[in-house]
Amino acid sequence: MLKLAGAALIVFACSSFGFYMANRFKLRSLQLRALRSLLNLLETEMIYTSTPLPVALEKIARHSVEPLDMLLLKTREELLKGDGVTAGEAWQKAVDDVKKLTCLDEEDLGILREFGVGLGGSEKSEQIKNLELTKELLKQQEWKAEQRRQQNERMWRTMGFLAGLAIVLIMI
């Protein structure tokens, strides 16, 4: 009876790992979509209300999902410290701080870091062009993420369960 319980536990643990990995593909797509939405809100704040960046980041963070709200709030926090940090530096530091909480890959994070270079340091029209470019790049990344999700999601789920069964068979 104890062996049966152990075997079931191994299959359950391996299946759970497979579902966890499959879910990361889905979350990456969702986070990229949320980032584009977030940048749309930031663009609106810049164009129509000319809201100061820390205030705009706080407003947008309230409408954002975790962990992307942390990206905005950490950027805001760095800007308000008053250590002479530029908006771009604050953004890049926040990206580095939040990257472990997201499902974004290095290419996605590189796009976000590049966005930070032009944030708050140039003319309004240049910042809007930077926003448009970043949104387009994130859209392409979202498409790639969706392709990878379709290729790998089912594989991870199946592989997790089969790996658990294989381990149990080896142990018998």
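How far apart should the ends of α3 be, at 1.5 Å a residue? The helix has 14 residues, so it should span 20 Å. Its end C-alpha atoms are 20 Å apart, which agrees. Keep in mind that this is a predicted model.

Let's stay with α3. Which of its residues are buried? They are L68, D69, L71, L72, T75, E78 and L79. Look at the numbering as you read that list. An α-helix has 3.6 residues a turn, so residues three or four places apart point the same way. Now try it here: L68, L71, L72, T75 and L79 are among the buried residues of α3. What covers them? The cover over the buried residues of α3 includes α1, α2 and α4. And after the helix comes G82. The phi of G82 is positive, near 75°.

Next, the inside. How many cavities of 30 Å³ or more does a search of the whole structure find? The search finds one. That cavity has a volume of about 50 Å³. Its lining is made by L68, L71, V95, V98, K99, T102, L104, L109 and L112. Three elements give two or more residues each to this lining: α3 (68–81), α4 (87–98) and α5 (106–117). By class, the lining has seven nonpolar residues, one polar and one charged. Two names should sound familiar. L68 and L71 line the cavity, and both are buried in α3.

Now pick out T102, another residue of that lining. T102 sits in the loop between α4 and α5. Is T102 buried or exposed? T102 has a relative accessible area of 5%, so it is buried. What does its side chain reach? A polar atom of the T102 side chain lies 3.1 Å from the backbone oxygen of K99. The T102 side chain also reaches the backbone nitrogen of L104, at 3.4 Å. Leave out residues up to four places away in sequence, and T102 touches R24, Q31, P67 and L68.

On to the pocket. The largest pocket has a volume of about 210 Å³. Who lines it? The residues are E45, M46, S50, T51, P52, L53, A56, L119, G120, K124 and Q127. The elements giving two or more residues to this lining are α1 (2–49), α2 (53–62) and α6 (124–171). By class, count five nonpolar, four polar and two charged residues.

Here is a residue that touches part of that lining: A87, in helix α4. Its relative accessibility is 11%, and the cut-off for buried is under 20%, so A87 counts as buried. Which residues does A87 touch, beyond those up to four places away in sequence? They are L53, L79, L119 and G120. Of these names, L53, L119 and G120 also line the largest pocket, while L79 is a buried residue of α3. Take L119 in particular. A87 and L119 are 32 residues apart along the chain. Their C-alpha atoms are separated by 5.9 Å.

One last stop: E43, in helix α1. Buried or exposed? E43 counts as buried because its relative accessibility is 10%. Its contacts, again not counting residues up to four places away in sequence, are I128, L131, E132 and K135. Find those four on the structure, and you will see what E43 touches.

Technical notes: Residues are numbered from 1 along each chain as its sequence is written. This is a predicted model: local features need pLDDT of at least 70, side-chain atom pairs count only at pLDDT 80 or more; totals for chains, interfaces and linings use all residues. Side-chain values use heavy atoms; hydrogens and water are left out. On a 1 Å grid over the protein atoms alone, a cavity is a set of points where a 1.4 Å probe fits but cannot get out, and a pocket is an open set with protein on both sides within 12 Å along at least five of seven lines; lining residues have an atom within 4 Å of a point. Grid points are joined across faces, edges and corners, and a volume is the space filled by probe spheres set on the points. Helices (H or I, at least four residues) and strands (E, at least two) are DSSP runs, numbered from the N terminus. Ala, Val, Leu, Ile, Met, Phe, Trp, Tyr, Cys and Pro count as nonpolar, Asp, Glu, Lys and Arg as charged, and the others, Gly among them, as polar. Buried means under 20% relative accessible area, exposed over 50%, partly exposed in between (1.4 Å probe, protein chains only). Contact means heavy atoms within 4.5 Å. A polar contact is a pair of N or O atoms within 3.5 Å; within protein, one must be able to donate a hydrogen and the other to accept it, and residues adjacent in sequence count only if both atoms are side-chain atoms. The expected span of a helix is 1.5 Å times one less than its number of residues.
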